[in-house]
Amino acid sequence: MRLNILAFAAGVFLLQLQPELPPLWVQSILLLAGLAIAVPLARKQRFVLRLVLGVACLGIGFGWAALRAEWRLADALAQEWEGRDIEVIGVIAELPQPFSRGQRFTFDVERIVTPEAVIPSRVMLSWYRGEHEGSLEETTEVHAGERWRLSLRLKRPHGNANPHGFDYEAWLLERGIRATGYVRPKGDKQRLDDLVPHPRYLIERLRESIRQRFLATLPADEYAGILVALTVGDQRAIEGDYWNVFARTGTTHLMSISGLHVTMVAALLGWLASVLWRRSPWLMLRMPAQRAAVFTGALAAFLYALLAGFSVPAQRTAFMLVIAALALLSGRRTAVSRTLLLALAAVLLLDPWAVLAPGFWLSFGAVSLLFYIASEQVVDVPGWRGVVSRWTAAQWAVSIGTLPLLLLFFQQFSLVSPLANALAIPAISFVVTPLALLAALVPVPGLLIFDHWLLGWVMQGLVWLAEFPVYTQPAPPWWCVMLALAGIAWMLLPRGFPARWLGLLMLLPAVWVAPARPLTGNAWVTVLDVGQGLAVVVKTASKTLLYDTGPLYSAESDAGQRVILPYLRAIGVAALDTMVITHSDTDHSGGAASVLSAMPVARVLSSVSGIESEACVAGQHWEWEGVRFTMLHPAGISSAGKSRIKPNNLSCVLRVEAGGKSMLLTSDIEAPDELALLSRDAAALKADVLLVPHHGSKTSSTPAFIAAVGARNVIYPVGYRNRFGHPRADVVARYGETPGWQTDRDGALTVHLGDEARVSAFRETRRRYWYGR
């Protein structure tokens with residue numbers, strides 16, 4: 001059974017790597033044929049038949065995941081209804097999330113009022129706060145479970161697509177959200193019902209009421225959001241600075257509803273049920289106290305997992321406890337490994353997209369490691385020495401065992417993680433979380449205040465430990481990760497097994513293999529997909545330049561922290577040799593502060609007054625390892641003169657030449673700037689690849705400029721369905737038959753400059769079946 005479940009999981013995972021879904025008839029054949037083969041062979045022991053059974057289970061997993069994907073993708077927003085007003089009736093399905101400009105929430109569509117409109121059954125909406133009629137007022141709040149009649153404007157699922165970046169479209173697909181949009185300021189907005197009596201909505205309203213009570217009891221307390229996250233799983237209640245503390249101390253897993261929290265709740269309530277059960281002879285005659293405790297613990301785990309949002313770690317633990325309870329109640333003994341794998345099968349049957357989340361791999365991986373060392377290595381030592389021995393072995397196994405996955409997903413590992421977890425796990429899992437749950441059940445303000453005080457002491461320790469350095473490195477290749485995981489399994493073999501040290505050697509490639517860089521004399525220029533803005537990374541053999549830092553998305557986030565820094569970490573860039581901030585517009589400079597605070601920058605060039613930088617001036621040039629950089633614009637202008645010039649007209653224009661091929665980076669120059677460039681040195685504009693000026697705005701790309709550049713490829717850095725209409729159709733027409741690339745359509749674009757100038761698109765080289773669906 002174990003290998004069959006693993007084969008099923010492998011089939012599910014394999015489907016999520018596909019660029020396109022197979023035809024429906026292929027999906028059906030794989031699923032039905034797999035079942036037809038698997039059922040009669042389920043108990044066969046011959047090797048060949050077991051191999052056939054494994055292949056059948058692989059096909060079942062692939063076919064099941066494909067059918068689920070087909071059904072979910074069919075629930076789509078018709079393209080012709082993007083950006084149009086649609087009136088609907090529906091229910092606020094989950095916890096509304098406040099942000100600086102309003103509220104954001106998931107909305108289940110019950111009825112489409114607008115005739116002929118075709119929209120999906122679940123959408124994510126933003127209701128912006130503003131002064132014009134129909135905006136969300138300060139006194140207006142929406143709550144989970146309410147039924148509303150709203151006027152919406154929607155778009156199909158779309159997110160930034162970058163190497164090593166967060167896949168927002170996959171995240172939306174997993175949650176069943178098939179369109180995003182906003183509530184129209186002008187239009188019908190009526191609250192029809194205060195609460196829809198459906199179990200799912202009742203649970204969400206309960207979660208919201210607990211969150212509101214916690215925040216009302218602790219209005220000015222800095223750790224209130226952490227207690228909310230530990231109780232109802234609302235991780236967005238935690239302030240961003242604390243996530244950095246948890247990441248640097250390796251305690252992020254404690255801030256979600258982890259399996260440890262669920263197990264603790266199950267054990268506590270199971271123990272309580274056992275004590276009370278033993279006091280009743282009538283109950284004891286009908287069911288042993290042990291069975292009652294297991295049943296109560298499993299039920300408590302499942303209910304707590306639902307209250308906490310039913311995340312993958314919570315699902316895994318709840319399913320494991322339910323399976324163990326059913327086995328015990330039926331009188332059968334089930335090995336812990338089989339219980340874990342049955343929980344794995346249950347998770348993937350419900351959610352085939354769970355394999356796309358790092359939490360899935362870390363959760364099941366950590367528990368597998370604990371079972372592995374418990375069954376193979378840990379010697380039963382009595383007394384407190386045994387407790388310390390088992391705890392140390394578990395910490396060592398989890399720390400070293402999850403290292404390859406942490407490097408793959410996050411490119412960092414906390415060196416103080418064992419010490420931080422030794423402090424935080426007992427305090428948070430066995431004291432802070434139980435008290436928070438008790439405070440949720442018993443509305444006594446003093447209990448919550450006391451719990452917050454205890455949490456404060458834990459946080460002070462974590463903040464101090466967060467000051468210690470963190471090990472960072474580039475994302476290792478997949479083969480290095482697989483080799484490292486095999487090495488860890490070898491290292492954790494029982495004592496006395498020969499040559500366990502060889503496992504350490506198998507870890508070394510994951511740590512030492514350097515990411516690819518261009519050869520000397522070549523350059524790779526990556527135009528990142530940051531939405532409506534610009535960020536370009538230029539790599540030579542050993543040096544890196546960042547040209548613009550993308551937009552400021554909100555008061556809480558920018559392209560620097562969300563796109564640029566994760567990308568630089570993943571490709572092994574720990575410091576920038578040069579950063580160019582072309583001008584002051586926030587769609588180009590919005591991420592500068594985040595980048596400058598996160599890594600050393602040897603040289604900053606900019607046309608922006610008021611920041612510590614060297615002015616970018618036409619005529620500047622330098623060479624790195626055979627790659628030549630030349631600044632073409634702006635001409636020398638005094639600080640007083642800059643104040644009278646539009647920021648766009650001060651944009652730093654940079655030409656990159658490698659191996660006889662070149663690319664022209666133009667930022668937001670407009671027609672007068674193009675004329676100035678032509679008059680100064682039209683020949684210097686010649687380039688094989690052009691970053692189209694001003695995102696393809698009508699203010700730029702004059703015919704004379706286009707002719708002087710003579711590009712064979714042009715790139716438009718634009719956001720999906722941006723409000724400016726970039727790139728403008730008439731501008732695209734000016735470039736004629738020249739191949740045009742767009743970041744909203746193609747994702748991040750990498751230009752290879754050397755013997756040739758070649759452009760590759762991330763959405764093509766790493767295509768997934770949900771892109772554009």
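**Entry 1, contacts and overall form.** I began with the contacts of the protein, and among those with a separation of 6 or more, 70% are between residues 24 or more positions apart. I keep in mind throughout that this is a predicted model. I then looked up the secondary structure, which comes to 28 helices and 24 strands. The radius of gyration is 29 Å, close to the 28 Å that the globule rule gives for 773 residues, so I note the protein as being as compact as a globular protein of that length. For the extent of the C-alpha trace along its principal axes I wrote down about 100 × 70 × 60 Å.

**Entry 2, burial, surface and charge.** I turned next to accessibility and found that buried residues make up 51% of the 773 residues. The protein exposes about 35200 Å², and carbon and sulfur atoms supply 62% of that area. For the charges, I looked up the mean position of the 70 positive ones and that of the 60 negative ones, and these two positions are 10 Å apart.

**Entry 3, helix 1.** I checked the length of helix 1, which takes in residues 2-15: at 1.5 Å a residue its 14 residues should span 20 Å, and its end C-alpha atoms are 20 Å apart, which agrees. I then listed its buried residues, and these are Asn4, Ile5, Ala7, Phe8, Ala9, Gly11, Val12 and Leu15. Against which helices do the buried residues of helix 1 pack? I found that they pack against helix 3 (47-74) and helix 12 (336-350).

**Entry 4, cis peptide bonds.** I looked at the peptide bond from histidine 633 to proline 634 and noted it as cis, with omega near 5°. Proline 634 has its place in the loop between strand 17 (627-633) and helix 23 (639-642). I also recorded a cis peptide bond joining histidine 726 and proline 727, where omega is about -5°. Proline 727 is found in the loop between strand 21 (713-716) and helix 26 (729-734).

**Entry 5, positive phi.** In that loop between strand 21 and helix 26 I also placed arginine 721, whose phi is near 50°, a positive value in a residue other than glycine. Its relative accessibility is 45%, and because partly exposed covers the range between 20% and 50%, arginine 721 counts as partly exposed. I then looked up alanine 499, in the loop between helix 18 (478-491) and helix 19 (502-512), and its phi is near 60°, again positive in a residue other than glycine. At 29% relative accessibility, alanine 499 counts as partly exposed.

Key. Residues numbered from 1 in each chain as written. Predicted model: local features only at pLDDT ≥ 70, side-chain atom pairs only at ≥ 80, totals over all residues. Heavy atoms only, no water. Helix = DSSP H or I, 4+ residues; strand = E, 2+ residues; numbered from the N terminus. Rg over C-alpha atoms; globule rule 2.2 N^0.38 Å. Buried < 20%, exposed > 50% of the residue type's maximum accessible area, 1.4 Å probe, protein only. Contact = heavy atoms within 4.5 Å. Areas by Shrake-Rupley, 256 points an atom, 1.4 Å probe, with all protein chains shown as cover. Lys, Arg positive; Asp, Glu negative; His and termini not counted. Charge placed at Lys NZ, Arg CZ, Asp CG, Glu CD. Expected span 1.5 Å × (residues − 1).
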